[in-house]
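Please read the points below with the coordinates open beside you. They begin with charged side chains and then move to packing, aromatic rings and the chain as a whole.

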Amino acid sequence: MHTALLNQDIFLEILGHLWTQYDLQFPEEGGITDERRFAQYDRKITRSTLLNLALTCHAFTEGALDELWRKIDKMLYLLRLLSGLRLVRKHNQLRYILDRPILDSELALLDKYARRVRTLIYYPEGNIDPWVYFRVAQGMKKPFFPLLRDLCITGYGPEVALLVSPSLLRVHAMPYLERCGHENPPVMWSFFDSILEQAPDMQYLHFGFSIPERSLDCISKLENLRHVGISQDSVGRLKTPTRLDSTFLETLAHMRCLSSMYFCGLVDFSLENSFVDFCSLTKLTITSTVQQVVPLLQSGKWFGLESFTLAFAEGYKSLQELTADFEEASWHAFFLALRQNTGQQFKELNLGYDATCCRDGSGRYGIGRYPDTFRLVSDIRAPIYADLLKLNLTKVNIAYAAFWSLSPAHMRGFIKAWPDIEELHIFTPRVGTLDFHALIQVAENLPHLESLLFSFRTENVPELNAVPSLSHRLVSLNVWASPLVKPMHLSVARGLFKLFPTICDFEYDPDGPYAPTWRRAGAIIPFLQDSARRNQKTLIST
């Protein structure tokens, strides 16, 4: 064995690289994990590798086992350590039961492996009899997961009582309420109260169920809390919203470590004659309507705010509801509140339909489909554009129908208003009159731009000699629904390379009619980049 492997830090660093990109992922702030975001095949190979390492050499055993058990998604992995666990048919279903008492030695073995777990992405396991959890809880005299740090719950049952740990730092509880027959599960209320009392070092708290006011008041005890999120059903399964009044918001405002808040769905803002100072808050995300958000923005000081996301509630039921979101007075009040109640740090604005402008786990922005009713209100978007340009921003992501299409005048307005912009994403339902010359304007006038998304026409691509050779540092380009026919894909690819030679992330609408042509164009750009690097090396060597 190489002596370097005897160093525990080096060995653990190597083990950390065994996990693939499909590993279990804890949700991003405000994200909802509704599926297992990893590949079973790759994960099985990785687990086998760690197990073989643990069995190969005594020096590797502890480190490999720690890494093997660091992240799990099933309680069954631990319960199988009990010799009395049996799979039997009960009430016409296969269920795990205990057919003998739990020995002290088995409890010690459970503790030995459970204390290795740091992250639990928990999915409900309906095939385990609730009595099994009761027997385990009865035998354990201390927390089942004594060193658990990250906990994500997508369902609830009697087993959640075992998941509370004093070492918890992040909790993301988004149970699927449609799996039960009642609206507010008392077991989740009890779980919520338990983590508030037993996990004083909590830094991230995100929950998706309505809770009583007494529980909300306890959040103030979490002095190290950095993120709080309340995400509730926006399509009507829940009837009782969590009510957020001035008192609760003042409580949040006095939490000096709190830097991020997320509100989604049935959240009732009751803010009569109040003014709250959120001096430490840097990120605010809300899924609601413009009319509901304006009072919140008007009733607070947000001078530390850096990023604001407004994702519009899912599912407009009528054209009247949709048109109300385009009322000029509401939008004017919205942008006026942002200008007056935010400071110089406010640089990022995201507007989306049904949370489409929220980042997913990959760090990119999701793209939503526009409902048909958007086509009926295409002539009332001008107020949004005029007020938008009055904000001094460096990141703009609009996935809402604020623009039916883009024109050269729109692009000139963006360039003039945001000369230091770093990220510009404008989704439009229709391709406008922008063409390749808009990309030339961007490359010449926005030197700090790193990520760009908009749709443009490719019929009038200038001759290659007329495209300036620029060393723009754009990294990501998404042409989304831009039309492109096959004879033009080579000219477009060459023109893009001359303008943005460092592009490494090229995207388009994968389901659009022009996807095959853009795929060919995207494949040409890396070839041109490799050729340029080879030529550069040749020049240096000569």
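1. In this predicted model, D99 and R86 meet through their side chains in a salt bridge, with 3.5 Å from N to O; the term stands for a side-chain nitrogen of Lys or Arg within 4 Å of a carboxyl oxygen of Asp or Glu. The pair links distant parts of the chain, since D99 lies in the loop between β3 (93-98) and α5 (104-114) whereas R86 belongs to strand β2 (residues 85-90), 13 residues apart. Helices (H or I, at least four residues) and strands (E, at least two) are DSSP runs numbered from the N terminus.

2. Are these charged residues buried or exposed? D99 counts as partly exposed because its relative accessibility is 42%, and R86, with a relative accessible area of 33%, is likewise partly exposed. Here buried means under 20% relative accessible area, exposed over 50%, and partly exposed in between (1.4 Å probe, protein chains only).

3. D99 also forms a salt bridge with R100, the closest N and O atoms being 3.5 Å apart, and R100 counts as partly exposed at 36% relative accessibility. Salt bridges that share partners thus join R86, D99 and R100 into one network.

4. A further salt bridge is made by the side chains of D387 and K390, at 3.6 Å from N to O; D387 counts as buried, at 5% relative accessibility. By the rule given above, the count of salt bridges comes to 11.

5. Turning to helix packing, the buried residues of α5 are E106, L107, L110, D111, Y113 and A114. They pack against α3 (58-68), α4 (76-79) and α6 (130-139), where a contact means heavy atoms within 4.5 Å.

6. The count of aromatic pairs comes to 16, taking rings of Phe, Tyr and Trp (its six-membered ring) as paired if their centres lie within 6.5 Å, with planes under 30 degrees apart counted as stacked, over 60 as edge-to-face and the rest as tilted. The pair of F414 and W418 is stacked, because the ring centres are 5.3 Å apart and the planes lie at 10°. F414 and W418 are both buried.

7. How are the rings of F427 and W480 arranged? They form an edge-to-face pair, with 6.2 Å from centre to centre and 85° between the planes. F427 lies in the loop between β18 (423-426) and α15 (436-445), and W480 in the loop between β20 (476-478) and α16 (489-499), so the pair ties together parts that are 53 residues apart in sequence. Both residues, F427 and W480, are buried. Elsewhere, one aromatic cluster is formed by F454, F456, F506, Y508 and W518.

8. As for the whole chain, its secondary structure comes to 17 helices and 21 strands, and 51% of its 542 residues count as buried. Of the contacts between residues at least 6 apart in sequence, 71% join residues at least 24 apart.

9. A note on the basis: residues are numbered from 1 along each chain as its sequence is written, and side-chain values use heavy atoms, with hydrogens and water left out. Because the model is predicted, local features need pLDDT of at least 70 and side-chain atom pairs count only at pLDDT 80 or more, while totals for chains, interfaces and linings use all residues.
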